[in-house]
Amino acid sequence: MLRYLIPLVIFVVLAVFLAIGLTRDPHELKSVLINKPAPTFRVPQLKASDKTISNEDMRGKVWLLNVWASWCVACREEHPYLIEYAKSGVVPIYGLNYKDRREDALATLDELGDPYTASAVDLDGRVGIDFGVYGAPETYVIDQGGTIRFKYVGPMMPDVWKEKILPVVQELNRGTAK
Amino acid sequence: MTRLRLLPILLIFLLAPVIKAQVQEEEVPSDDPVIEQRLQNLSKELRCLQCQNQTLADSPAGLAADLRREIRIQMKAGKSDKEIIAFLTQRYGDFILYKPRVTYTTYLLWFGPFILLLGGLYLLFHYIKQRRDLITEKPLSADEHRRAEELLASLPGKETT
C-alpha cells in the first residue's frame with residue numbers, strides 16, 4: 001500500500017508548491033525600505049524649476065511619493081485615477097519625475113492633468129536608486145516622521161487604492177489625531 | 001497573408017514618433033582599467049532588477065546602466081566591493097545578488113539538492129540491499145539432486161538419438 005502512496009504524496013507536495021509559485025508575481029519585490037526613513041533628496045521641482053523640493057519639506061504630514069514618467073505606459077493607466085485620489089484630498093500626492101525630459105513631462109501633465117502637489121525632478125535616476133526604484137510607476141506611503149510605511153509597484157488602480165493604500169494612510173492619520 | 005503579417009511592424013514605425021523615450025545618459029566607461037575590471041567582476045554577481053534573469057553586466061536596461069554608473073562613481077571614491085554591495089542591498093534587498101546569500105530563508109535552496117541526493121543514495125542502497133537479500137543460495141535437497149543428475153544424464157543420450 002505504502003509503495004503506491006509515496007508517489008501520490010510526492011505529487012501532492014509538488015503540486016502545492018507549484019500552485020503557490022503560480023500565484024506569486026516575480027516582479028513584485030518586497031522593498032527593504034519599509035519602516036526605514038525615506039532617503040533624503042533635494043532636487044529641482046518640475047513646474048517651478050527655480051525652486052527645489054526635498055522630503056524634509058513634507059515632514060509632519062502623511063504623503064505619497066509617486067514615481068512617474070512620460071515614457072512610462074503604465075503610468076498613463078493610473079493617471080486619471082491619481083487625479084481622482086488627489087481631488088479627494090485624503091493625502092497629498094507628490095511626484096518623482098523619473099528619468100524624463102522636462103518638456104515631455106510638462107506636456108504629459110498638460111494633456112492628462114496634474115494630480116501632484118509638486119513633482120521632484122530626478123533626471124539621472126539617482127534619487128530612484130536611493131529609493132530602490134526598479135520600474136515605474138511605484139508609489140510610496142511616507143508618514144509624518146518621514147518613514148516609508150508602504151510601497152506599491154505598478155499602476156495604482158482603484159482596488160489597490162481602496163484595499164492597500166487608503167487603510168495605511170488612514171491608520172497613519174489616526175496616529176496624529178491621538 | 002504576408003502583408004497582414006507585416007502590419008504590426010508597420011504600426012510600430014507609424015507609432016514611433018509618439019513613443020517617448022527614457023532619458024538615458026550615455027554610459028562612459030571609466031578611464032581607470034582597474035575600476036572597469038572590478039566593475040566587470042562585481043556586476044556579474046548582481047542582478048538587473050528590470051530584467052531579473054540577467055546580470056547587471058549583461059543587461060542593456062536603463063536601470064542597469066544607472067547602477068553601473070553609480071558603482072563606477074563609488075569605486076572611484078575608494079569604496080570596497082563589500083561596501084558597494086551593502087549600498088545596493090540596503091536599497092534593493094538581497095534579490096539584487098545573483099548568488100543568493102546563505103540565510104535561514106535560503107537553507108532549503110542551498111542544501112535542498114544535497115539532501116535530495118543523500119535521500120536518493122539511501123533509497124538506492126536500500127533497494128540494492130533488499131534485492132541482494134532476496135537471492136539466497138539454498139542447498140539442493142536429495143530429491144532435487146537426483147532429478148538434476150537424471151537430467152544431466154539424459155542430455156548426451158538425446159544427442160545420439
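In this predicted model, A:Leu64 has A:Val141 of S6(A) as its bridge partner, and this pair belongs to an antiparallel arrangement in which five bridges join S3(A) to strand S6 (residues 138–142) of chain A. S3(A) also pairs with strand S4 (residues 93–98) of chain A, here in the parallel sense and again over five bridges, with A:Asn66 standing opposite A:Gly95 in S4(A). Between S3(A) and S4(A) the chain passes through helix H2 (residues 73–88) of chain A, and the resulting β-α-β crossover is right-handed.

The two pairings of S3(A) are set side by side below.

| Partner of S3(A) | Sense | Bridges | Residue pair |
|---|---|---|---|
| S6(A), residues 138–142 | antiparallel | five bridges | A:Leu64 and A:Val141 |
| S4(A), residues 93–98 | parallel | five bridges | A:Asn66 and A:Gly95 |

Strand S3 of chain A, which spans residues 63–68, is mostly covered, since six of its six residues are buried. The burial extends to both faces of the strand: A:Trp63, A:Leu65 and A:Val67 lie on one side, while A:Leu64, A:Asn66 and A:Trp68 lie on the other. Thus A:Asn66, the residue opposite A:Gly95, is itself among the buried residues of S3(A).

Turning to the two chains, 19 residues of chain A are in contact with 18 residues of chain B; the side of chain A that touches chain B consists, by class, of eight nonpolar, four polar and seven charged residues.

For chain B, the domain assignment gives domain 1 (16–96) and domain 2 (103–136), and the centres of these two domains of chain B, taken over C-alpha atoms, are separated by 42 Å.

Definitions and conventions
Residues numbered from 1 in each chain as written. Chains lettered and ligands numbered in written order. Predicted model: local features only at pLDDT ≥ 70, side-chain atom pairs only at ≥ 80, totals over all residues. Contact = placed C-beta atoms within 7 Å. Nonpolar A, V, L, I, M, F, W, Y, C, P; charged D, E, K, R; others polar. Domains from an automatic or database assignment. Buried ≥ 20, exposed ≤ 12 C-beta atoms within 10 Å, placed from the backbone. Helix = DSSP H or I, 4+ residues; strand = E, 2+ residues; numbered from the N terminus. Pairing = 2+ DSSP bridges. Right-handed = clockwise from strand over helix to strand, strands pointing away.
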